[in-house]
Amino acid sequence: MTADPTVKSQKLKPGTIKRIISFGKPYKSHIIIFLITVVIEALLVVSTPLLLRELIDKGVLPKDTGLVTKLAFLVGLLAVVDAAFNIFGRWYSARIGEGLIYDLRSQVFAHIQRQSIAFFTRTQTGALISRINSDVMGAQQAFTGTLSGVVSNVVSLVLVVATMLILSWQITVVSLLLLPVFLLPTKWVGKRIQALTRDSFNLNATMSSTMTERFNVSGALLVNLYGKPAKEENFFRTRTRKVADIGIQTAMLNRVFFVGITSVAAVATAFAYGIGGHLAINGSITVGTLLAITALLIRLYGPLTALSNVRIDVMTALVSFERVFEVLDLQPMIVDKAGAKVLRKKDLKIDFTEVAFSYPRADEISLASLESAAKPETVESGEVLRGITFSAPAGSMTAIVGPSGAGKTTMSALLPRLYDVTRGAITIDGEDIREFTVQSLRDSIGVVMQDAHLFHETIAENLRYAKEDAKEAEMIEACKAAQIWDLISTLPNGFDTMVGERGHRLSGGEKQRLAIARLLLKAPAIVILDEATAHLDSENESLVHEALKHALKGRTSIVIAHRLSTVMEADQILVLEKGLIVERGKHEELIAKGGLYSELFARQDITTN
C-alpha cells in the first residue's frame, strides 16, 4: 500500500523487458525451481480444506476412527511439507535476489568508477548512492517478490475460486459479492498511506541531508563558527516531530484497515455459515463441505488484495531496473581507443600543439535525474583554452601562471585525460596521449592538488593507495624525502594513525607533505603540481618546497602557482590569460619585458636578492 500509484503511468523504454530477462538468465534454473515451489505451496493451500471435508464427512460423522486418524495425520504431514517447501523456496529466492543485487551493484559501481571527472562535478552523491542501494533492491524484487507474488496469488486465486464453485456456487457468489466492501477500504487506506509515506520519505531525505552536511568536519566547523545551535536544533526537531506524527497516523491507519478487513472477513464467514448451514440442513451440501468452504474463504481475500495492486508492484520493479539501466547506459567520456598501447617509458617529453578546449554540456556527461537541478543548464562554457602550444623537454620544469580563471587548472587536467582536448593534440614523445591506455597514462603521472584529499583511513593505507605492495621501509624513505617522517615517527600509532575524514586530523602542510610522499611512492615520470603551496604558512611552505625538490628531481613537471616565488627557478614560465599564452620565458626575461608576469610579480610584492 506504500507504493506510488503514479508509477503506472510511466512508459518503459523499448527493449527494457528483454534486457531485464537477460539479467535473470544466469539464474534460470534457480528461478524455475523457485516457481515450482511457489506453485506447490499454492496447491497445498487448497488441499488442506479438502482433506478437512473428507475428515468430517467420511470420518467424524460415520464415526470411522481409523480414517479420522489417517486424515488427521495427513493434514499434519501436509503442514510439514508446506513448511519445508516454504523454506526451500525462500532459500532459492534469497539466492536469486542476493545474486542479482551483487551483479547489479558490482556493474553499477564499476561503471560509475569509469565516468569522467566532469560527471562527478555535476552529480549529487546521494542520488548515485540511491541508484546503487534503493533502485538495485527494487530491481531484484522483480525476480523474487513480484514474480513469485504474482504466480503464487494467481494460482491460489484460481484454485480457491474453482474449488469453492465446485463445492457450492451459491456460497461462492455471495462471498464474491462482498468483495467491493473489502476492496474499497483497501484503496482508500492505500491512498492515505501512500501520501503519508511520500511525506515521510521527503522529510527523512531532508534530515539525512542536514545530518550529512552538519556532521562532516567542514560543516561542523561552519556551524560552530557561524551557526546558531538552538536554530539548528529547532529545525531538526520540527522535522523529526513531523516524521513522528506521520508514524502515528500510519500506525492508526494500518490498525483501522486491519480491523476493517477482519470484520469484513468475519461478516463473509457469517454469511457462508448462514447460507451453508441452511444448505447443509436441506441436504444440498454436507457439513464437511461447509467447513471446507469457510476454510477456503479465509484464503480468498489475501490473493485478491495482492493482485489488486499487482500493476503497481510490477511497474515499480520495472522502473527500478530502468533507473539502473539509465546509469549503465551513460557512456564514459574518456575511454581507451581500439588497440591502445601501454605507456612504459620513463623520460618523457610533453608537447601541446594548438590545443583548444571547451567544457562539455550537461547532457553529454550526466543525467538530469542525478543532478536534482532546478532547471536544465543549456548555456555552453565557450572555449576555455585557445590554441595552446608549448614543449616541455624530459626532466624539465614548466610553470604555468596567470590570473584566476585563465585556464591553468584546465591545462593540467588535460594531460592525464581527465578531459579530452576539443581541438589540437597533446603528445608524449611524439605520440598522441589518446594512443595510450588511460590506465598506463595515469600510472605515469603523479598529481598534488591545492587541497590534498586523504581517505578516512590510516596513514599507511593512504600511502599504499599509490603503491599497494609498498613495504614499510619504502614508505619511511618516501616520508623522509617528503619531510613528514619526523611527525609520523612521533605519533603513538605511527603509520597506523587514522587521519580523519578528508585528513582533517592533520594540518594543511602535513596533508600536503603526506600527498607528496604518496606521489614519491608512485614514482611517476611526470609530475603535476596544482597550487600545491597556495594555502600554506611560511614554515610549512619551506618544508613542502624541500619535499618538492625530491618529487621533481629527474621528472618532467608542470607546476601551476599563484605564488610566483615557487616558480622562479622553472626552465620555462608560461603566462596564461583568457585561455591564451600571452608570455613565455624564464623569470628574469619576463621581469625585463614588463608585461603581465612582471605586473603579477610586482603585485605580490616579492623582493629577491
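Which strand do 5 bridges join to strand β7 (residues 526-530), and do the two run parallel or antiparallel? The partner is β8 (residues 556-560), and the two strands run parallel. Please keep in mind that this is a predicted model. Here are some points to help you find your way around.

1. **The sheet.** A good place to start is the open sheet of 6 strands, in the order β6-β7-β8-β3-β9-β10, with mixed pairing. Its edges are β6 (445-448) and β10 (580-585), each of which pairs on one side only. From one strand to the next, the twist averages 20°. To look at the pairing of β7 with β8 in detail, go to I526, whose bridge partner in β8 is T556.

2. **Helices against the sheet.** Helix α21 (residues 508-522) packs on the sheet and touches β6 and β7. The direction of α21 makes about 175° with that of β6. Helix α24 (residues 596-603) lies across β3 (397-401), β9 (572-577) and β10. With respect to β9, helix α24 runs at about 90°.

3. **The nonpolar cores.** In soluble globular proteins, nonpolar side chains tend to be buried together. Here the largest nonpolar core has 47 residues, and L463, F495 and Y597 touch the most other members. Helix α21 gives the largest share of this core, 7 residues. If you would like one residue to centre your view on, try L463. Setting aside its neighbours within four places in sequence, L463 is in contact with M475, C479, F495, L514, A517, R518 and L521. Another core, of 35 residues, lies apart from the largest one and includes V355, F390, I428 and L574.

4. **Strands β1, β4 and β5.** Strand β1 (residues 350-358) is joined to β4 by 5 bridges, and the two run antiparallel. Within this pair, A356 has R423 of β4 as its bridge partner. Strand β4 also pairs with β5 in the antiparallel sense, over 2 bridges. There, T427 stands opposite D432 in β5. Strands β4 and β5 form a hairpin with 2 residues between them.

5. **Two positive phi angles.** Which residue in the turn of that hairpin has a positive phi? D429 does, at about 50°, although it is not a glycine. D429 sits in the loop between β4 and β5 (431-432), and its 29% relative accessibility counts as partly exposed. R417 also has a positive phi without being a glycine, in this case about 60°. You will find R417 in the loop between α16 (408-414) and β4 (423-428).

6. **Salt bridges around β4 and β5.** A search of the whole structure finds 11 salt bridges. One of them joins the side chains of R417 and D420, with 2.8 Å from N to O. Is R417 buried or exposed? With a relative accessible area of 3%, R417 is buried, whereas D420 is partly exposed at 21% relative accessibility. The side chains of D432 and R434 meet in a salt bridge too, at 2.9 Å from N to O. In that pair, D432 is buried because its relative accessible area is 18%, while R434 counts as partly exposed at 27%.

7. **A salt bridge along a helix.** D245 forms a salt bridge with R241, and the closest N and O atoms are 3.2 Å apart. Both residues belong to helix α10 (residues 229-282); they are 4 residues apart, so about one helical turn separates them. An α-helix has 3.6 residues a turn, so residues three or four places apart point the same way. D245 is partly exposed, with a relative accessible area of 34%, and R241 is partly exposed as well, with 47%.

8. **A helix with two sides.** Finally, take a look at helix α7 (residues 169-177), where I171, T172 and S175 are buried. Why are these three on the same side of α7? They cover an arc of only 100° around the axis, which puts them on the same side. On the other side of α7, W169 and L177 are exposed.

Conventions. Residues are numbered from 1 along each chain as its sequence is written. This is a predicted model: local features need pLDDT of at least 70, side-chain atom pairs count only at pLDDT 80 or more; totals for chains, interfaces and linings use all residues. Side-chain values use heavy atoms; hydrogens and water are left out. Two strands pair if DSSP finds at least two bridges between them. Axes are lines fitted to C-alpha atoms, for helices over the stretch in contact, and angles run from 0 to 180 degrees between N-to-C directions. Contact means heavy atoms within 4.5 Å. A nonpolar core is a set of buried Ala, Val, Leu, Ile, Met, Phe, Trp, Tyr and Cys residues joined through side-chain atoms within 4.5 Å. Buried means under 20% relative accessible area, exposed over 50%, partly exposed in between (1.4 Å probe, protein chains only). A salt bridge is a side-chain nitrogen of Lys or Arg within 4 Å of a carboxyl oxygen of Asp or Glu. The arc is that of the directions from the helix axis to the C-beta atoms.
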